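User: Please take a close look at the charged side chains of this model. I would like to know what they pair with and how far the model can be trusted there.

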Amino acid sequence: PGDACLVFARDPDTGEVRPAAMPWGIAGPDGTPCLRLVVRREAITVRRFTRTRRALVPLAGYLARGPGRLRVAVRSVSDAGLAAAALLEEGFGGAAFAVVTTEAAEPLAAIGERMPLLIPADLWPLWLADRPLSPLDLARLAVPLPAGVLVAAWMPAGSFRPAALSVRRQLEDLVPGAEELWPPHARRVRGSNARVAAHALG
């Protein structure tokens, strides 16, 4: 939380979808320095979607918390990777994002109640469309991924936790040869109190 991450968002100046380096965590609704890391899909009205810029966060996989201190590694069964839905908000120092979560689907329903809202590749243009989303659009985006798309594996207690790749390394892996990031310099939120429920992402 607070570190710069790679996202794909629509540049408000050009209208083009571009890679961007933005920090994870938007300011809380009460204006406190506590970062809001996730937004529940069920709590977002259509009006909020129409007024908020949207982004995609590419993922090779992610770690979810299971019962107790156990962790679960989640990944796609294909090489296409994953992309989590995110909302952008402007704050001090520039834009930041929060991940949209939804009800956990198989195989994660037995692990926790929540998971990131993962957008299949054929719906990426819809999520990043430069127009308001209709109720029908939101219904399509809320459909759980088909069974067999995700695989989850328990990680032994005390196992090594892989370090996150730098934004530049992520971009090079996804778009070889790409160098330009927008905005050119992403801030890191320092001294913030980033809090999120233990099962927020699953």
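Analyst: The charged contacts come first, then one strand residue, then the confidence.

This is a predicted model, in which local features need pLDDT of at least 70, side-chain atom pairs count only at pLDDT 80 or more, and totals for chains, interfaces and linings use all residues. Residues are numbered from 1 along each chain as its sequence is written, and side-chain values use heavy atoms, with hydrogens and water left out.

The setting is as follows. The chain has 4 helices and 12 strands. These are DSSP runs numbered from the N terminus: helices are H or I over at least four residues, strands E over at least two. Of its 202 residues, 40% count as buried. Buried means under 20% relative accessible area, exposed over 50%, and partly exposed in between (1.4 Å probe, protein chains only).

Now the charges. There are 3 salt bridges, each a side-chain nitrogen of Lys or Arg within 4 Å of a carboxyl oxygen of Asp or Glu.

One joins D11 to R18, with the closest N and O atoms 3.0 Å apart. Both D11 and R18 are buried.

Another joins R41 to E103, at 2.9 Å between the closest N and O atoms. This pair links distant parts of the chain, 62 residues apart. R41 sits in the loop between β5 (38–40) and α1 (46–51), while E103 belongs to strand β10 (residues 94–103). E103 counts as partly exposed because its relative accessibility is 42%.

In the remaining bridge, D137 meets R131 at 2.9 Å, N to O. Here the partners differ in burial. D137 has 7% relative accessibility, so D137 counts as buried. R131 has 40%, so R131 counts as partly exposed.

D130 lies in the loop between α2 and α3 (135–141). With a relative accessible area of 63%, D130 is exposed. The C-alpha atom of D130 is 9.2 Å from that of E16, although the two are 114 residues apart along the chain.

R54 offers another kind of charged contact. Its charged end sits over the ring of W127, 5.8 Å from the ring centre. The rule asks for NZ of Lys or CZ of Arg within 6 Å of the ring centre and within 35 degrees of the ring normal.

R54 also leads to strand β10. The C-alpha atoms of R54 and A98 are 9.8 Å apart, with their positions 44 residues apart along the chain. A98 lies in β10, the strand that also holds E103. A98 is buried, because its relative accessible area is 0%. Leaving aside neighbours within four places in sequence, A98 is in contact (heavy atoms within 4.5 Å) with W24, I26, R36, L37, V38, V39, A85, A86 and L87.

Long-range contacts count across the chain too. Residues 24 or more positions apart account for 69% of the contacts with a separation of 6 or more.

Last, the confidence. pLDDT is the predictor's confidence in each residue, from 0 to 100. The chain averages 75, and 69% of the residues score at least 70. Among the elements, α1 has the lowest mean pLDDT, at 62, and helix α2 (residues 124–127) the highest, at 93. Over residues 184–202 the pLDDT is below 50. Beyond near neighbours in sequence, that stretch has 49 contacts in the model.
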